[in-house]
Amino acid sequence: GLEPELRSLVQELGLERRVHFLGFQPNPRRWLQAADGFALSSRWEGLPMSLLEAGLCGLPCVAMDVSGVREILDHGSTGFVAAAGDPDSLCVEMMRLMAMAPAERVAMGIRGRSRIVERFGIEAILDAWEALYSELLARRPHPRRLAAVEFRGGVSDAVAPPSHRPA
């Protein structure tokens, strides 16, 4: 893994008092809530759960522009989006975030949390599923149903309606 290299870099830069390697943390919420911001440097994601978790903790976030990030962050309003694969761009956006007044960072974090709850909260997800099912039913209000499953030229007694079962 990267840990030996990172430990060496921390020592080389004299950051031992500021950087701690905590290992696996089953509940990172307390660490997130103690932070001033969150940075996601992933080169690829699906839907970045760590970004959702950080945002739900009210942290202003910076992330690389990879899949799923723009669904969560609105650049300049709920966080900052850096060019994908560009560490210099990530650095610029992280510096921009840290240069903000604390009250501005808190306000950004609150906006980010609201956006996440609005888009990814249980009510939003249930509404989306309900809309999908409604749309599918509207397209085909009387779907065909499979009444029986055929097996080797016959019909299984377990699934066949009584009228189709052998006597």
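Arg70 and Asp65 are joined by a salt bridge in this predicted model, with their closest N and O atoms 3.2 Å apart; the term denotes a side-chain nitrogen of Lys or Arg within 4 Å of a carboxyl oxygen of Asp or Glu. Arg70 is partly exposed at a relative accessible area of 45%, and Asp65 is likewise partly exposed at 30%. Here buried means under 20% relative accessible area, exposed over 50%, and partly exposed in between (1.4 Å probe, protein chains only). The model is predicted, and local features need pLDDT of at least 70, side-chain atom pairs count only at pLDDT 80 or more, while totals for chains, interfaces and linings use all residues. Residues are numbered from 1 along each chain as its sequence is written, and side-chain values use heavy atoms, with hydrogens and water left out.

The whole structure holds four salt bridges. One of them links Arg7 to Glu3, with the closest N and O atoms 2.8 Å apart. These two residues lie four positions apart in helix H1, which means that about one helical turn separates them. Arg7 is partly exposed at 40% relative accessibility, and Glu3 is partly exposed at 40%. Another salt bridge brings together the side chains of Glu93 and Arg96 (3.4 Å, N to O). Glu93 and Arg96 are three residues apart in helix H5 (residues 87-99), again about one helical turn. In this pair Glu93 is buried, at 8%, whereas Arg96 is partly exposed, at 40%.

The chain contains seven helices and five strands, where helices (H or I, at least four residues) and strands (E, at least two) are DSSP runs, numbered from the N terminus. Their order from the N terminus is α-α-β-α-β-α-β-α-α-α-β-β. Of the 167 residues in the chain, 24% are buried.

Attention now turns to empty space. The largest pocket encloses about 950 Å³. It has 21 lining residues, and those closest to its centre are Ala35, Gly37, Phe38, Ala39 and Met94. Two or more lining residues come from each of H2, strand E1 (38-40), H3 and H5, with H5 giving the most, five residues. The lining comprises 15 nonpolar, five polar and one charged residue; Ala, Val, Leu, Ile, Met, Phe, Trp, Tyr, Cys and Pro count as nonpolar, Asp, Glu, Lys and Arg as charged, and the others, Gly among them, as polar.

A single cavity of 30 Å³ or more is found in the whole structure, and the largest cavity holds about 30 Å³. Its lining is formed by Leu51, Gly55, Leu59, Cys61, Ile72, Leu73, Thr78, Gly112 and Ile116, with helix H3 (49-56) and helix H6 (102-120) each supplying at least two residues. Six of these lining residues are nonpolar, three are polar and none is charged. On a 1 Å grid over the protein atoms alone, a cavity is a set of points where a 1.4 Å probe fits but cannot get out, and a pocket is an open set with protein on both sides within 12 Å along at least five of seven lines; lining residues have an atom within 4 Å of a point. Grid points are joined across faces, edges and corners, and a volume is the space filled by probe spheres set on the points.
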